[in-house]
Amino acid sequence: MNVKFSDITICDAKILPMKVELSIRRKIQTENLIGAKKAKIFDRQNASYSLSLDVERTHKNERQAQIFLHEHAFLLDSKGASLLILESESNPFEASKSLTLQNTIMTKLDASLDGIKTLHRYEFTSDNPIL
């Protein structure tokens, strides 16, 4: 899985995410019509997407791991609303191999260091995808 936020590669074929969670929340409207036995539900074609993923990276030495931990966090924090692109080698649900989410905001970043390894937990929120 390849994940890119703005111009920053979060993970690619060399660095696979350890854990990925994607949730989609649709916005609907319910109307109770006079004389109707059941309410009508309308899909307003609005959705919000939440993506979280954990990525562990191994660095050449502890100094490089420390530098990456801080620089990566500050670089991501400097990005405003951006595109988030998810690509996979195979998608069993449709022919498209990528999903692009517009107006994506990084809502949370947790970063930790263990010797030469860094672990980042990213959380993103977005609105409708670009189809």
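**Exercise 1. A charged pair**

Task: With a relative accessible area of 40%, is K19 buried, partly exposed or exposed? Then find the partner of K19 in a salt bridge.

Solution. Step 1: the class of K19 follows from its relative accessible area of 40%; buried means under 20% and exposed over 50%, so K19 is partly exposed. Keep in mind that this is a predicted model.

Step 2: look for a carboxyl oxygen around the side chain of K19. The partner is E21, and the closest N and O atoms of the two residues are 3.2 Å apart.

Step 3: apply the cut-offs to the partner as well. E21 has 36% relative accessibility, so E21 too counts as partly exposed.

**Exercise 2. Salt bridges between strands 4 and 7**

Task: How many salt bridges does a search of the whole structure find? Which acidic residue does R121 meet, and which strands hold the two?

Solution. Step 1: the search of the whole structure gives seven salt bridges.

Step 2: go to R121. Its side chain meets that of D54 in a salt bridge, at 2.6 Å from N to O. R121 belongs to strand 7 and D54 to strand 4 (residues 40-58), so this pair ties together parts that lie 67 residues apart in sequence.

Step 3: compare the accessibility of the two partners. R121 is partly exposed, its relative accessible area being 21%. D54 has 14% relative accessibility and therefore counts as buried.

Step 4: try another pair. E56 and K117 bring their side chains together in a salt bridge of 3.9 Å, N to O. Here, too, distant parts of the chain are linked: E56 sits in strand 4 and K117 in strand 7, 61 residues apart. E56 is partly exposed at 34% relative accessibility, and K117 is partly exposed at 36%.

Step 5: join the bridges that share partners. They bring K19, E21, D54, R121 and E123 into one network.

**Exercise 3. Aromatic pairs**

Task: How many aromatic pairs are there? What are the centre distance and plane angle of F5 and F124, and how is the pair classed?

Solution. Step 1: recall what has to be worked out. A pair of aromatic rings is described by the distance of the centres and the angle of the planes.

Step 2: count the pairs. The total is two aromatic pairs. In one of them, F5 and F124, the ring centres are 5.0 Å apart and the planes stand at 45°, so the pair is tilted. This pair spans 119 residues, from F5 in strand 1 (residues 2-5) to F124 in strand 7 (residues 117-126).

Step 3: take up F124 again. With Y122, F124 forms an aromatic pair that is stacked, at 6.2 Å centre to centre and 10° between the planes.

Step 4: put the rings together. F5, Y122 and F124 make up one aromatic cluster.

Step 5: check the accessibility of the cluster. F5 and F124 are both buried; the relative accessible area of F124 is 2%. Y122 is at 0% relative accessibility, so Y122 counts as buried.

**Exercise 4. The two faces of strand 7 and its neighbour**

Task: Which residues of strand 7 lie on its covered face and which on its uncovered face? How many bridges join strand 6 to strand 7?

Solution. Step 1: sort the residues of strand 7 by face. T118, H120, Y122, F124 and S126 are on the covered face, while K117, L119, R121, E123 and T125 are on the uncovered one. The stacked pair of Y122 and F124 thus belongs to the covered face.

Step 2: look to the neighbouring strand. Strand 6 (residues 98-114) runs antiparallel to strand 7, and nine bridges join the two. Opposite Y122 stands L109.

Step 3: inspect the connection. Strands 6 and 7 form a hairpin with two residues between them, and G115 in the turn has a positive phi of about 65°.

**Exercise 5. The whole chain**

Task: What is the order of helix and strands from the N terminus, and where is R63 found?

Solution. Step 1: read off the elements. There are one helix and eight strands, in the order β-β-β-β-α-β-β-β-β.

Step 2: locate R63. This residue is in helix 1 (residues 62-77), and at 58% relative accessibility R63 counts as exposed. The C-alpha atoms of R63 and I116 are separated by 8.0 Å, with their positions 53 residues apart along the chain.

Step 3: finish with the totals. Of the 131 residues, 24% count as buried. The accessible surface comes to about 9,000 Å², and carbon and sulfur atoms account for 51% of that surface.

Note on methods:
Residues are numbered from 1 along each chain as its sequence is written. This is a predicted model: local features need pLDDT of at least 70, side-chain atom pairs count only at pLDDT 80 or more; totals for chains, interfaces and linings use all residues. Side-chain values use heavy atoms; hydrogens and water are left out. Helices (H or I, at least four residues) and strands (E, at least two) are DSSP runs, numbered from the N terminus. Buried means under 20% relative accessible area, exposed over 50%, partly exposed in between (1.4 Å probe, protein chains only). Accessible areas come from the Shrake-Rupley method with a 1.4 Å probe; for residues, only the protein chains shown count as cover. Rings of Phe, Tyr and Trp (its six-membered ring) pair if their centres lie within 6.5 Å; planes under 30 degrees apart count as stacked, over 60 as edge-to-face and the rest as tilted. A salt bridge is a side-chain nitrogen of Lys or Arg within 4 Å of a carboxyl oxygen of Asp or Glu. Two strands pair if DSSP finds at least two bridges between them.
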